Amino acid sequence: MIFKVLYQENPEEVALREHTKALYVEADTVRDVRQKLKGRNILIEFIQPLTGKFLEFEQQNEIFKLENV
């Protein structure tokens, strides 16, 4: 399954919507996503599973790229 992870690059600062970034990770569960990203110094805001039409829509986005983690 592919997950969209919304995050802030600096976990020390207050989260602002304008600074939110997204990355895409392939994993079995949300817990697996968190485990794969735990070594990164980021503040994870939200993890959303992508399936069906939602996944198709995200894949059309120019920033869609699966992370190798």
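1. Burial first: in this predicted model, 26% of the 69 residues of the chain count as buried. The accessible surface comes to about 5,200 Å², and carbon and sulfur atoms hold 48% of that area.

2. Now to what sits inside. The largest nonpolar core has 11 residues in all. Its members are Phe 3, Val 5, Tyr 7, Leu 23, Val 25, Ala 27, Val 33, Leu 37, Ile 42, Ile 44 and Ile 47. Four elements give two or more residues to this core: strands E1 (2–8), E2 (21–26) and E3 (43–50), along with helix H1 (30–37). Strand E1 gives the most, with three residues. As background, nonpolar side chains in soluble globular proteins tend to be buried together.

3. One core member is worth a click in your viewer. Which residues does Ile 42 touch, leaving aside those up to four places away in sequence? The partners of Ile 42 are Tyr 7, Gln 8, Glu 9 and Pro 11. Of these, Tyr 7 is itself listed in the core.

4. On the fold, the chain has two helices and three strands. Read from the N terminus, the order of the elements is β-β-α-β-α. Among contacts with a separation of 6 or more, 62% join residues 24 or more positions apart.

5. Overall dimensions come next. The C-alpha atoms fill a box of roughly 35 × 25 × 15 Å along the principal axes. The radius of gyration is 12 Å, which agrees with the value near 11 Å for a compact globule of 69 residues.

6. A short remark on charges, in case you plan to look at electrostatics. The chain carries 10 positive and 12 negative charges, and the mean positions of the two sets are 4 Å apart.

7. Two residues outside the core list deserve a look as well. Leu 16 lies in the loop between E1 and E2. Is Leu 16 buried or exposed? Neither label fits: with a relative accessible area of 41%, Leu 16 is partly exposed, because that class runs between the 20% limit for buried and the 50% limit for exposed. From Leu 16 to Val 69, the C-alpha distance is 26 Å, with their positions 53 residues apart in sequence.

8. Finally, Gly 52 is in helix H2, which covers residues 52–59. Gly 52 is also partly exposed, at a relative accessible area of 44%. Gly 52 and Lys 65 are 13 residues apart in sequence, and their C-alpha atoms are 17 Å apart in space.

Definitions and conventions:
Residues are numbered from 1 along each chain as its sequence is written. This is a predicted model: local features need pLDDT of at least 70, side-chain atom pairs count only at pLDDT 80 or more; totals for chains, interfaces and linings use all residues. Side-chain values use heavy atoms; hydrogens and water are left out. A nonpolar core is a set of buried Ala, Val, Leu, Ile, Met, Phe, Trp, Tyr and Cys residues joined through side-chain atoms within 4.5 Å. Buried means under 20% relative accessible area, exposed over 50%, partly exposed in between (1.4 Å probe, protein chains only). Contact means heavy atoms within 4.5 Å. The radius of gyration is taken over C-alpha atoms; the globule rule is 2.2 Å times the number of residues to the power 0.38. Accessible areas come from the Shrake-Rupley method with a 1.4 Å probe; for residues, only the protein chains shown count as cover. Lys and Arg count as positive and Asp and Glu as negative; His and the chain ends are not counted. The place of a charge is taken as NZ of Lys, CZ of Arg, CG of Asp or CD of Glu.
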